Amino acid sequence: KAMASKHQSNTLHTARVIGATTTGLAKHLEMMKKVGVRCVMLEEAAEIPECHALAALIPGVDRFIQIGDHQQLRPKIASYESIKLNLNISLMERMLSCNNDCKTLSTQRRMRPEICDFIRPMYAKRL
C-alpha cells in the first residue's frame, strides 16, 4: 500500500493537471498537500455543497476558480435538518450573495438555439 501511494505521489508530482472529485480530493488530502496543488477549479460549482468546496481549499492553493450557474441547480442535500440550517447552498452562491467580485459570461455557445430562445427572457436584463 505504501509503495502504491509513493507511485501515485510521484505520478501526481509530474502531472500538469490533476482531476478529482471533491470527495476524492478530501480522501487524498495529505497527498495533495505534498504535491503542492496551487490552483483548484470547481466545475458545476453551484451544485457543490459549500462544505465540500471549502474542503478543496488546501494549504498552498493561491487560485480558487468556481465555474457554474448559481441560478440553476443547487446542491442536493438529503437531510431536511441540514436544509433548515441553510446548508443547501454552494460556496459560489454564498460568495455572490455577499457581493464578491465575479466575472460572468454574456454568451452561451454550447446550447441548442431552440433552448437558448426559450430561456433568453430569464437573462435578458443581464445580457
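Student: How many disulfides does the whole structure hold?
Tutor: Zero, by a search of the whole structure. Keep in mind that this is a predicted model. A disulfide would need a pair of cysteine sulfur atoms within 2.5 Å.

Student: Why is Cys51 called exposed?
Tutor: Its relative accessibility is 54%. The cut-off for exposed is over 50%, so Cys51 counts as exposed.

Student: What makes Cys98 exposed?
Tutor: The relative accessible area of Cys98 is 52%. Exposed means over 50%, so Cys98 counts as exposed.

Student: Why is Met41 called exposed, and where is it placed?
Tutor: Met41 lies in strand β1. Its relative accessible area is 53%. The bar is over 50%, so Met41 is exposed.

Student: Which residues form a nonpolar patch with Met41 on the surface?
Tutor: Ile65 and Ile67. Together the three residues have about 250 Å² of accessible area. Nonpolar side chains are joined into a patch within 5 Å.

Student: Now the interior. Which members of the largest nonpolar core touch the most other members?
Tutor: Leu12, Met32, Val35, Val37, Val40, Leu42 and Ala53, out of 16 residues. Core members are buried, which means under 20% relative accessible area.

Student: Which elements each supply at least two residues of this core?
Tutor: α3 (29–35), β1 (39–42) and α6 (91–97). The largest share, three residues, comes from α3.

Student: What is Leu12 in contact with, leaving aside its neighbours within four places in sequence?
Tutor: Ile18, Met31, Met32 and Val35. Contact here requires heavy atoms within 4.5 Å.

Key. Residues numbered from 1 in each chain as written. Predicted model: local features only at pLDDT ≥ 70, side-chain atom pairs only at ≥ 80, totals over all residues. Heavy atoms only, no water. Core = buried A, V, L, I, M, F, W, Y, C linked by side-chain atoms within 4.5 Å. Buried < 20%, exposed > 50% of the residue type's maximum accessible area, 1.4 Å probe, protein only. Helix = DSSP H or I, 4+ residues; strand = E, 2+ residues; numbered from the N terminus. Patch = residues over 30% accessible without salt bridge, like charges linked within 9 Å, V, L, I, M, F, W, Y side chains within 5 Å. Areas by Shrake-Rupley, 256 points an atom, 1.4 Å probe, with all protein chains shown as cover. Salt bridge = Lys/Arg side-chain N within 4 Å of Asp/Glu carboxyl O.
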